Amino acid sequence: RTGIAIQMTEPETITLAACGDILLHGRYLEIAAQGRAHEVFADLEPLFAEADLVVANMETVMAEGGRPRDDKLCLRTDPDYAEALAAADVDLLTLANNHCLDYGPEGLAETRSHLKAAGIPVLGAGADISEATRTVVLERKGLRIGFIAACHESTKPAPAATADSPGIAPLSENALFAAIDHLKPTVNHVVLLLHWGLEYAHYPTPEQASLARRAIDRGASAVLGHHSHALQGIETYGGGVIAYSLANLTDADVDWQGPSKHYRAELTEVDRESVLLRLRLTRDSITALPPVPLWLDDEGRPTPAVGERAEKIQRQLADYSRRLSDSDLDAFWQDEVIRG
């Protein structure tokens, strides 16, 4: 009798780790001036090393040049953080946010230049609409992951990029769905990085939830949200994963004196709580792994949360996630409007 040996092989599998907002103003300038920029992300390096891809939102201009805008809080940091992020194994940063042009076109161009020199691809903002809306495809273990980034006008960003002026990639349904349609045939997964929502709200609006779910229906595998600076729920829908806000990875007290205004705000506990979202991707599936609770310590370093602090973040995230049904979201926002 002849035996036939059948070799079973595991499908290609990668892990994508997603962080929240990276804000490196204030105290982080002094840390960099002391030559310690690389210490900020040191506690996360073991977690990042376990992932094949690490992505986040870079929400601080990384430049020495440029002039601050007159009409808003403006944030910038030391360019040394480009190398620090690269050394921590960050693979991709979105600049599609409301701070990317705080120091004008010069600040945006310098930010892009420093990150490019450090080997970190960026997307979501650029010198013109073509550069701002350019997608990025990263390949790991034979899997191609395509990224699209955009910023909603409600976050009060700088103007959207045009054919001959710098700015953000604007978040509109038509443009987003067209980008998904264009990218989807060339990759295994499409991941959206969206800057949207209301600051310090723990729930997305019904409009956000509707758009995110329709984006999954359109062909995206994941929607990763930023901007609220507060943790929001995570849901699985239609074979995809939606994380509405991953909160802050880093942040600092603000005492900013601009050309025409003074802005001051101190960090709260909400500012210091976040999670590292981990997604397992195969050629035709995506699965959310248990998120890792994170805490921003007193030195400004994001660290894995432990003990009661970790349990609190996990309970909150579970509660926010449970209340993502349409009826719960509608009831929450109707109550907010009435109370407002």
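In the predicted model, the hairpin of β8 and β9 has 2 residues between its strands, and lysine 141 there takes a positive phi near 55°. Strand β8 covers residues 136-140 and runs antiparallel to β9, with 5 bridges joining the two. One pairing across this hairpin sets glutamate 139 against arginine 144, its bridge partner in β9.

Strand β9 also contributes to the interior. The largest nonpolar core has 105 residues. Its largest share, 7 residues, comes from β9, which spans residues 143-151. The residues with the most contacts inside this core are Leu16, Tyr81, Leu93, Phe147, Leu192 and Leu224. In soluble globular proteins, nonpolar side chains tend to be buried together. Apart from the largest core lies another, of 9 residues. Leu23, Ala63, Cys74 and Leu75 are among its members.

Two of the residues with the most core contacts, Leu192 and Leu224, can be followed further. Leucine 192 is found in strand β11. Its relative accessible area is 0%, so leucine 192 counts as buried. Leaving aside neighbours within four places in sequence, leucine 192 is in contact with Ile148, Leu176, Ile180, Ala215, Ala220, Ala222, Val223 and Leu224. Leucine 192 and alanine 149 are 43 residues apart in sequence. In space, their C-alpha atoms are 5.9 Å apart.

Leucine 224 belongs to β12, where it is the bridge partner of leucine 193. With neighbours within four places in sequence again left aside, the contacts of leucine 224 are Leu16, Ala18, Val55, Val191, Leu192, Leu193, Leu194, Ala243, Leu277 and Leu279. Leu192 thus appears in the contact list of leucine 224, and Leu224 in that of leucine 192.

Strand β12 itself spans residues 222-226 and is mostly covered, with 5 of its 5 residues buried. Ala222, Leu224 and His226 point one way from the strand. Val223 and Gly225 point the other way. Residues on both sides are buried.

Strand β12 pairs with two strands described here. Strand β11, residues 189-195, runs parallel to β12 and is joined to it by 5 bridges. Strand β14, residues 240-243, also runs parallel to β12, through 3 bridges. In the pairing with β14, alanine 222 stands opposite valine 241.

Helix α7, residues 206-218, completes a right-handed β-α-β unit with β11 and β12. Arginine 213 is found in this helix. Is arginine 213 buried or exposed? Its relative accessibility is 11%, and because buried means under 20%, arginine 213 counts as buried. Leaving aside neighbours within four places in sequence, arginine 213 is in contact with Glu235, Tyr237, Ile242, Tyr244, Leu324 and Asp326. One of these contacts, Ile242, falls within the residue range of β14, 240-243.

The structure also holds 1 cavity of 30 Å³ or more. The volume of the largest cavity is about 40 Å³. Its lining consists of Met58, Glu59, Thr60, Val61, Leu95, Asn97, His99, Cys100, Gly107, Leu108 and Thr111. Helix α4, residues 104-117, gives the most to this lining, with 3 residues.

Methods
Residues numbered from 1 in each chain as written. Predicted model: local features only at pLDDT ≥ 70, side-chain atom pairs only at ≥ 80, totals over all residues. Heavy atoms only, no water. Core = buried A, V, L, I, M, F, W, Y, C linked by side-chain atoms within 4.5 Å. Buried < 20%, exposed > 50% of the residue type's maximum accessible area, 1.4 Å probe, protein only. Helix = DSSP H or I, 4+ residues; strand = E, 2+ residues; numbered from the N terminus. Contact = heavy atoms within 4.5 Å. Pairing = 2+ DSSP bridges. Right-handed = clockwise from strand over helix to strand, strands pointing away. 1 Å grid on protein atoms, 1.4 Å probe; cavity = no way out; pocket = protein on both sides within 12 Å on 5 of 7 lines; lining within 4 Å. Points joined across faces, edges and corners; volume = space filled by probe spheres on them.
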